[in-house]
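Hi everyone, and thanks for making room for me on the schedule. I'd like to walk you through some helix packing today, and then spend a moment on a few individual residues. Here is the model.

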Amino acid sequence: IGYGPEAFSAEFAKFESVDLARAYPDFYHESPHNLALDVITREGLLGFSALAAAVLAGILGGIRARSRNLPAVLAFLPGLAATLVAHQFAVLIAPTAFFLYLGAGALAGAGVEEPEALTIPRLWRTAALVGGVTGAVALTIGAYRLVAEDYLLATAQRRMDSGDLTGAVQAYRAALSRPNAGVTADLYFSRRWSKIAMDSSAAIAKIYYSQIAAGAATRATHQPEERQNAWFNLAVLAAARNDASGTEYALRAAIDAAPNWYKPRWILARLLSTEGRAPEAALEAGRAIELNAGRDPEVASTLAQVLRSGGALP
């Protein structure tokens, strides 16, 4: 049945091979870069079957098109073919999905004979009108919620950039108070608020903005798109507060979300080493240097420090 929309980056990290992690240790895999794999992982076999049926209907419609529909076929069939070829290396977004289905639909219609005039009962026409209006109202409300929440978050960003921190806090809290419409930027704002807290000279302001940053970082861990990054970010914030247990918990959660990502293992090795847990530190450091594949010398130096502190090479 698939993992749902926008879930690939979180789910793929659990299945990523060691070889791929070593080849691209700092690369964030947001999509499979393939239309078929993207639909299968997002919507499952049913979704892929629906896509294949739409494309097949378009191709067959183009083949069966009558001469009067040849201009439409000559316009849409090459475009459909080019779209399918291009999307062996990309995934659908809203505009490309629209044109894919538009082309497939136009081609499918080109192969259909002109239907006879139909008389639709008034009851059915009324039901269709009511259903259409209801759907339009629901979509309009959903669109308003998306735009309103995105506007408030953009307002918070602009006020941050201009130095109006009070206004930024108000806009950010207003966005959080709205029902969740699916627009989130918690990871981004946690980093921005954290930087503002570090740059603040007043102790009260530093604590205040740090709390906002921590709240945003915690919320980010519940979003599927960047869960491993969110946990790693939460670990960084916990480390800034000298919260060793919180840092370790967040790092281990990041490892659970992305077992073959070297960075949380590397930082965890450093933390365990400072706490005198040399055998555990050596285990994580050894795993980190294996996954990093020698790309970053500082990762190897961490392993050397752990061994000097009494750890044994795993």
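Let's begin with a crossing: helix H6 passes helix H7 in a left-handed sense. Please keep in mind throughout that this is a predicted model.

So how do these two helices sit against each other? H6 covers residues 122–162 and H7 covers residues 165–177, and their axes lie 8 Å apart at an angle of about 160 degrees. That angle makes H6 roughly antiparallel to H7.

If you want to find this contact on the screen, look on the H6 side for Glu149, Leu152, Leu153, Thr155, Ala156, Arg159 and Met160. Facing them from H7 are Leu165, Gly167, Ala168, Ala171, Tyr172, Ala174 and Ala175. By residue type, the H6–H7 contact divides into 10 nonpolar, two polar and two charged residues.

H6 has another partner, helix H8, which runs over residues 186–199. Here the axes come within 12 Å and the crossing angle is roughly 25 degrees. With that angle, H6 is roughly parallel to H8. This crossing, too, is left-handed.

Who makes the contact? From H6 we have Leu153, Ala156, Gln157, Met160 and Asp161, and from H8 we have Tyr188, Phe189, Arg192, Trp193 and Ile196. Sorted by type, the residues in this H6–H8 contact are seven nonpolar, one polar and two charged. You may have spotted some repeats: Leu153, Ala156 and Met160 of H6 touch H7, and Leu153, Ala156 and Met160 also appear in the contact with H8.

Let's follow H8 onward to helix H10, residues 227–240. The axes of H8 and H10 are 10 Å apart, with an angle of about 15 degrees between them. H8 and H10 are therefore roughly parallel to each other, and H8 passes H10 in a left-handed crossing.

In this contact, Leu187, Ser190, Arg191 and Ser194 of H8 meet Asn229, Ala230, Asn233 and Leu237 of H10. What is the make-up of the H8–H10 contact, nonpolar, polar and charged? There are three nonpolar residues, four polar and one charged.

While we are on H10, let me point out one of its residues, Ala235. Ala235 is buried, at 3% relative accessibility. Setting aside neighbours within four places in sequence, Ala235 is in contact with Thr247, Ala250 and Leu251. For a sense of scale, the C-alpha atoms of Ala235 and Leu70 are 61 Å apart, with their positions 165 residues apart along the chain.

Now, on to helix H12, residues 262–274. H12 has 13 residues and spans 19 Å from its first C-alpha to its last, close to the 18 Å expected at 1.5 Å a residue. The buried residues in H12 are Tyr262, Pro264, Arg265, Trp266, Leu268, Ala269, Leu271 and Leu272.

Let me pick out Pro264, which sits in H12. Its relative accessibility is 0%, so Pro264 counts as buried. Beyond neighbours within four places in sequence, Pro264 is in contact with Phe232, Leu251, Ala254 and Ile255. Leu251 is a name you have just heard, as one of the contacts of Ala235. Pro264 and Val306 are 42 residues apart in sequence, and their C-alpha atoms are 16 Å apart in space.

Just after H12 comes Gly276, with a positive phi of about 80 degrees. That brings me to my last topic, backbone angles. Most residues other than glycine have a negative phi. Which makes the next two worth a look on the screen.

One is His33, which has a positive phi of about 55 degrees although it is not a glycine. Where is His33 found? His33 lies in the loop between helix H2, residues 18–23, and helix H3, residues 35–64. His33 is partly exposed, with a relative accessible area of 43%.

The other is Ala293, also not a glycine, with a positive phi of about 55 degrees. Ala293 is in the loop between helix H13, residues 278–292, and helix H14, residues 297–308. With a relative accessible area of 30%, Ala293 is partly exposed.

That's my tour, and thanks for listening!

How values were computed:
Residues are numbered from 1 along each chain as its sequence is written. This is a predicted model: local features need pLDDT of at least 70, side-chain atom pairs count only at pLDDT 80 or more; totals for chains, interfaces and linings use all residues. Side-chain values use heavy atoms; hydrogens and water are left out. Axes are lines fitted to C-alpha atoms, for helices over the stretch in contact, and angles run from 0 to 180 degrees between N-to-C directions. Helices (H or I, at least four residues) and strands (E, at least two) are DSSP runs, numbered from the N terminus. Angles under 35 degrees count as roughly parallel, over 145 as roughly antiparallel, 65 to 115 as roughly perpendicular and the rest as oblique. A crossing is left-handed if the near helix is turned anticlockwise from the far one by less than a right angle, and right-handed if clockwise. Contact means heavy atoms within 4.5 Å. Ala, Val, Leu, Ile, Met, Phe, Trp, Tyr, Cys and Pro count as nonpolar, Asp, Glu, Lys and Arg as charged, and the others, Gly among them, as polar. The expected span of a helix is 1.5 Å times one less than its number of residues. Buried means under 20% relative accessible area, exposed over 50%, partly exposed in between (1.4 Å probe, protein chains only).
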